Amino acid sequence: MKQSHTDHKVNTHNDHVHKMEQFEKLYKKLKYLFIGTFIIMASISIILLAASVIYFDHITKEASHMTDHELKTQLLDFPGSEALDFKNDSVLAAYNNTTNTLIVGPAHVNENVIKALTSSEDSLYFKHNGILPKALLRAVGQDIFNTEISSGGSTITQQLVKNQILSNQKTYNRKANELVLAMRTEQLLSKQEILYTYLNIVPFGRDSHGANITGIASASFSLFGKSSNNLTVAESAYIVGLLQSPYLYTPYQENGQLKSNDELQIGLDRQHYVLKRMLVEDKISKATFNKAEQENLKQKLQSSE
């Protein structure tokens, strides 16, 4: 009986030892499997990263090889700019001092325009270095899944680069060059210089004669018969709202006639969005927002009749 009890204890011990040995073998296998998998994944990641960097460098070679002088010259090249004295004046001073009434600088543009622009087009404009990673990833995702409605992804700086140097072609090659040039642009020009250059070169749809409008000065005179320095909050929001899709939101038909009330409402809805963004970004008060909402812009629009 005593011997039997002893044998039982020995057997129990042996079973325990055997199970421990099995556990250790399994643990070692899992450990080596985990380490091996980690090494393989890390190696693949490094290879993919290196390949991406090499590929990105390859497709942005043209942008990278462009000199600072060439880049700045192309950014500041637009109709009428040949008369500007960029050598003796800063960019903003050149815009302010020109006798060309269609070229404007800070002295000629109401601050409401800047507030409307940065609120609706690029709310982090004064904080980023030319690009927004989150917006870029969102745009890439929309492209991959082929969504019909795009929420954008381009900063004001990127839009300036696209308008002045690149094309509207939707390719990764163009987008990659746009990113490189946007970051370089932020090193060459100040935030204010980028803003006012942008406002001088972007399209704003059509005027009351059916002609295309370029630049904030032309847009102000063509739509409301006044200088961009005298625009109200409501007018500023309306004009800035045109930028997203100038020929959809323009109040004029191809012959210069005012669109129907239903078609005009599309542009006014866009203006409402811009005003809402200005309110959310704390650029205007609730009282100013309400007043702007009540302003009758249809009566203010210029007419060829």
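# Exercises on salt bridges, burial and a pocket

In this predicted model, the count of salt bridges comes to eight. The exercises below start with some of these pairs.

**Exercise 1.** Find the salt-bridge partner of Asp68 and state where the two residues lie along the chain.

Solution.
- Step 1. Asp68 pairs with Arg184, and the closest N and O atoms are 2.7 Å apart.
- Step 2. Asp68 belongs to helix H3 (residues 68–75) and Arg184 to helix H8 (residues 172–188). With their positions 116 residues apart, the pair links distant parts of the chain.
- Step 3. Asp68 has a relative accessible area of 44% and is partly exposed. Arg184 is at 18% relative accessibility; buried means under 20%, so Arg184 counts as buried.

**Exercise 2.** Describe the salt bridge between Lys175 and Glu178, including how the two residues are placed in their helix.

Solution.
- Step 1. The closest N and O atoms of Lys175 and Glu178 are 3.3 Å apart. The cut-off for a salt bridge is 4 Å, so the pair qualifies.
- Step 2. Both residues are in helix H8; because they are three residues apart, about one helical turn separates them.
- Step 3. Lys175, at 17% relative accessibility, counts as buried. Glu178 is buried as well, at 0%.

**Exercise 3.** Which residue forms a salt bridge with Glu186, and are the two partners buried or exposed?

Solution.
- Step 1. The side chain of Glu186 meets that of Lys191, with an N to O distance of 3.0 Å.
- Step 2. Glu186 has a relative accessible area of 14% and is buried. Lys191 also counts as buried, at 17%.
- Step 3. Elsewhere, Lys226, Glu235, Glu295 and Lys300 are joined into one network by salt bridges that share partners.

**Exercise 4.** Determine how much of helix H9 is buried.

Solution.
- Step 1. Helix H9 spans residues 191–201, which gives 11 residues.
- Step 2. Of these, 10 are buried, and the helix is mostly covered.
- Step 3. Among the buried residues of H9 are Lys191, Glu193, Tyr196, Tyr198 and Asn200.

**Exercise 5.** Asp122 is buried. Work out which charged side chain of opposite sign is nearest to Asp122, and what its own side chain reaches.

Solution.
- Step 1. Asp122 sits in the loop between helix H5 (111–121) and helix H6 (133–144).
- Step 2. The nearest side chain of opposite charge is that of Lys191, 6.4 Å away. A salt bridge needs a distance within 4 Å, and Asp122 has none.
- Step 3. The side chain of Asp122 does reach the backbone nitrogen of Ile156, at 3.0 Å.

**Exercise 6.** Classify the residues that line the second largest pocket.

Solution.
- Step 1. The volume of the second largest pocket is about 200 Å³.
- Step 2. Its lining consists of His69, Lys72, Thr73, Leu76, Asp77, Phe86 and Lys87.
- Step 3. The lining divides into two nonpolar, two polar and three charged residues. Leu and Phe count as nonpolar, and Asp and Lys as charged.

**Exercise 7.** Place Asn261 in its helix, then give its exposure and its separation from Lys298.

Solution.
- Step 1. Asn261 is in helix H13 (residues 261–280).
- Step 2. The relative accessible area of Asn261 is 52%. Exposed means over 50%, so Asn261 is exposed.
- Step 3. Asn261 and Lys298 are 37 residues apart along the chain, while their C-alpha atoms are separated by 8.8 Å.

Definitions and conventions
Residues numbered from 1 in each chain as written. Predicted model: local features only at pLDDT ≥ 70, side-chain atom pairs only at ≥ 80, totals over all residues. Heavy atoms only, no water. 1 Å grid on protein atoms, 1.4 Å probe; cavity = no way out; pocket = protein on both sides within 12 Å on 5 of 7 lines; lining within 4 Å. Points joined across faces, edges and corners; volume = space filled by probe spheres on them. Helix = DSSP H or I, 4+ residues; strand = E, 2+ residues; numbered from the N terminus. Buried < 20%, exposed > 50% of the residue type's maximum accessible area, 1.4 Å probe, protein only. Lys, Arg positive; Asp, Glu negative; His and termini not counted. Polar contact = N/O pair within 3.5 Å; in protein donor to acceptor, adjacent residues only side chain to side chain.
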